[in-house]
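Let's take a walk through a protein model together. Have the picture ready to turn around, and we'll go from the overall outline down to single residues.

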Amino acid sequence: MVAKNGEILCVAINSFIENVNTLVNKTIKDTLLTVKQYETARIEYDAYRTDLEELNRGPLGPHSLPKIEESKLLFQTYKEKYEQLRNDVIIKLKFLEENKVKVLRSQLILFHNAIYAYSTGNQTQLEEILAQFHIKVKPGEKATPWFDEY
């Protein structure tokens, strides 16, 4: 009975670790990547804005007009890229905050309840917890303890 409950607890702990890893290694990394792209776009946008301002302050002549037009096009392109990435960052940060709280709360409840059920020897409650969190234990399959991966 202890071994079976231990296997079920390992499944719950593995699920907990897998979901937290997904949050940390995928969701947060994706958000940070978008922030880095946003920072790069901001630098490019500022550079093209500065170039355009310098060309507009300089003397106007037949050679400067095509350069100004080209600079306006580049400025507009990078401005749009910058604004799009700014919107992406805002949305991703909002979703990350919502997801982070929801996932961590859910996973901590799973972890706490599974440990409690295991500690009290309540196999029925342990199985109910796995069902509540839609975690399936395949018959005959042994759960690999999370610490064996390290």
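Over residues 38–99, how much of the chain is helix and how much is strand, and how far apart are the end C-alpha atoms? The span is 90% helix and 0% strand, and its two end C-alpha atoms sit 21 Å apart. Helices here are DSSP runs of H or I with at least four residues, strands are runs of E with at least two, and both are numbered from the N terminus. UniProt, in an unreviewed entry, gives this span the feature "coiled-coil region". The same kind of record, also unreviewed, lists "domain: AH" at residues 1–131. UniProt positions follow the numbering used here, feature names are shortened, and annotations may be inferred rather than shown by experiment.

Some ground rules before we go on. This is a predicted model, where local features need pLDDT of at least 70 and side-chain atom pairs count only at pLDDT 80 or more, while totals for chains, interfaces and linings use all residues. Residues are numbered from 1 along each chain as its sequence is written, and side-chain values use heavy atoms, with hydrogens and water left out.

Now zoom out. The protein chain has three helices and zero strands, so to speak an α-α-α pattern when you read along the sequence. Its C-alpha atoms fill a box of roughly 90 × 25 × 20 Å along the principal axes. A compact globule of 150 residues would have a radius of gyration near 15 Å, but this chain has 27 Å. That radius is taken over C-alpha atoms, and the globule rule is 2.2 Å times the number of residues to the power 0.38. Of the 150 residues, 25% count as buried, where buried means under 20% relative accessible area, exposed over 50%, and partly exposed in between (1.4 Å probe, protein chains only).

Next, follow helix α2, residues 64–120. At 1.5 Å a residue, its 57 residues should span 84 Å, and the end C-alpha atoms are 81 Å apart, which agrees. The expected span is 1.5 Å times one less than the number of residues. Right after α2 comes Gly 121, with a positive phi near 75°. The buried residues of α2 include Ser 64, Ile 68, Ser 71 and Phe 75. Why might such positions recur along a helix? An α-helix has 3.6 residues a turn, so residues three or four places apart point the same way. Among what covers the buried residues of α2 are α1 (2–57) and α3 (123–132).

What about the inside? A nonpolar core is a set of buried Ala, Val, Leu, Ile, Met, Phe, Trp, Tyr and Cys residues joined through side-chain atoms within 4.5 Å. The largest one has 14 residues, and Leu 110, Leu 130 and Ile 135 touch the most other members. Each of α1, α2 and α3 supplies at least two residues of this core, with the largest share, six residues, coming from α1. A second, separate core of seven residues includes Ile 68, Phe 75, Tyr 82 and Leu 85.

Finally, look at Lys 81, which lies in helix α2. At 39% relative accessibility, Lys 81 counts as partly exposed. Leaving aside neighbours within four places in sequence, Lys 81 is in contact (heavy atoms within 4.5 Å) with Ala 41 and Glu 44.
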